There are 2 protein chains.
Amino acid sequence: MDFYSFFNSSTSWRVRIALALKGLGPNYHGVNIRTGAHREAGYVAQVNPSATVPAIVENGFNLGQSLAIIDWLDIKHPEPRLIPAALERRARVLEFCYLAACDIHPVNNLRILKYLHETLKVSPQQRDDCYAHWTAEGLAAAERLLAQAEENYGGPWCFSAQPTMADCCLIPQLCSAQRMGCDMTPFKRANAIFAHASSVPAFINAEPRNQPD
Amino acid sequence: MDFYSFFNSSTSWRVRIALALKGLGPNYHGVNIRTGAHREAGYVAQVNPSATVPAIVENGFNLGQSLAIIDWLDIKHPEPRLIPAALERRARVLEFCYLAACDIHPVNNLRILKYLHETLKVSPQQRDDCYAHWTAEGLAAAERLLAQAEENYGGPWCFSAQPTMADCCLIPQLCSAQRMGCDMTPFKRANAIFAHASSVPAFINAEPRNQPD
């Protein structure tokens, strides 16, 4: 399997956690999205028509979108299962992942922050406030879902004693928020999960600083 | 089943299409997100801790996030199946849905456009340009995925002769882009699917103008 990733992309990071949890070691290809390598004709034609990271290619099948890749990995390599089969827990895990992937992450990723600064000419301070605003709003919602999850399923992970795709989404989002200087003190449950993940090899190996690029 | 929706929300619209395709008629509750009804304490406590639409409640189980709701509906009411079981087609459908839900929609929804205008004080023209920019970029990627899909799976829907969750995501996104005055001429495959959907009762019934609110 070939895996296309950018070390500092939180969507790539989600997949790296999933790969590490499943003990898979694909060929790592760094794609520098800062210099636009994800938009080069060869990458778009052969790896990912969406012109984004991450992507995987295996036996001529290429796939983009971090959560689609994790679903695909979870079916092909079901141990350990990252998307539960049980109806209600599955729904809860997906609900949480979509909160992170649709409501928190997209508003704050590199292309949007660049557009705010370069095209809309907002000041660096306004750009950072924008990041902090949507992250705080999203993490507050995440915290409410995690409190409910802890009550129903226990910990130390988001949804029980085993990590799920929710943890693959949460950890990179928290690191990104931390890096941008957001006030993390209100997010107690998220912080506890983060502290736990910080001692687990699969999560450590997936960190940006541990990537070849 | 109780269903919480805002007529003009494209995430609510996705679920309305899924419900209509499955022949389900839940109790419809209009939630006016323009006046902030989705942020009221009762709604957040009892219906959706994420303070968003859509949401469903059935037998005390409440769930938010449109794609999590469609996955849940698809397991509980598998006919017709909206998320394919076959590994590669499933991955392709999810990839497309996440492109729409994570890369196109979030950057352009009401809360972001309001923030741009009210907080960052960008002009209405800049705000509309921002919408058009990200929509055009996203739909160009969608068009590449749809061309590949037509080749592999045929039409008239996104991924074969039957509609899937991809069509639930595509149609509201196209209507939103049209309403905002985006130039839709480059998106030939998307336009053809849109034209087809416009004659199908489940898609017509799910349109904003046919909702009680």
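**Exercise 1. Determine how far apart the centres of domain 1 and domain 2 of chain A are, and describe the boundary between these domains.**

Solution. Taken over C-alpha atoms, the centres of domain 1 of chain A and domain 2 of chain A are separated by 20 Å, in a predicted model for which local features need pLDDT of at least 70, side-chain atom pairs count only at pLDDT 80 or more, and totals for chains, interfaces and linings use all residues. Residues are numbered from 1 along each chain as its sequence is written, chains are lettered from A and ligands numbered from 1 in the order in which they are written, and side-chain values use heavy atoms, with hydrogens and water left out.

Begin with the bounds: domain 1 of chain A covers 2-80 and domain 2 covers 87-203, as given by an automatic or database domain assignment. Next, take the contacts (heavy atoms within 4.5 Å): 13 residues of domain 1 of chain A meet 17 residues of domain 2 of chain A. The buried area, which is the accessible area (1.4 Å probe) that two parts lose on being put together, summed over both, is about 1400 Å² for these two domains of chain A, with 74% of it on carbon and sulfur atoms. On the polar side, there are 0 salt bridges between domain 1 and domain 2 of chain A, a salt bridge being a side-chain nitrogen of Lys or Arg within 4 Å of a carboxyl oxygen of Asp or Glu. Finally, α1 (10-21) and α3 (66-76) of chain A each supply at least two residues of the side of domain 1 that touches domain 2, and the largest share of that side, 8 residues, comes from α1(A); helices (H or I, at least four residues) and strands (E, at least two) are DSSP runs, numbered from the N terminus.

**Exercise 2. Work out how chain A and chain B are related, and characterise the interface of the two chains.**

Solution. Superpose the copies by least squares on the C-alpha atoms of residues with pLDDT of at least 70 in both: a rotation of 180° with 0.0 Å of shift along its axis brings chain A onto chain B, at an RMSD of 0.0 Å. The two copies are therefore related as by a two-fold rotation axis, and the residue of chain A that comes closest to the rotation axis is A:Cys102, at 2.3 Å (C-alpha).

Turning to the interface, the contact takes 49 residues from chain A and 49 residues from chain B, and 100% of the interface residues of chain A are also interface residues in chain B, so the copies meet through the same surface. Chain A and chain B bury about 4400 Å² between them, 60% of it on carbon and sulfur atoms. The interface holds 4 salt bridges; A:Arg39 forms a salt bridge with B:Glu137, with the closest N and O atoms 2.5 Å apart. The largest share of the side of chain A that touches chain B, 12 residues, comes from α4(A).

**Exercise 3. Decide whether B:Ala101 is buried or exposed, and place this residue in its surroundings.**

Solution. B:Ala101 lies in helix α4 of chain B, and at 2% relative accessibility this residue counts as buried (under 20% relative accessible area, with exposed over 50% and partly exposed in between; 1.4 Å probe, protein chains only). Not counting residues up to four places away in sequence, B:Ala101 touches A:Cys102, B:Arg14, B:Leu67 and B:Pro106. One of these partners, B:Leu67, is among the buried residues of α3(B), a helix of which 9 of the 11 residues are buried, so it is largely enclosed by the rest of the structure.
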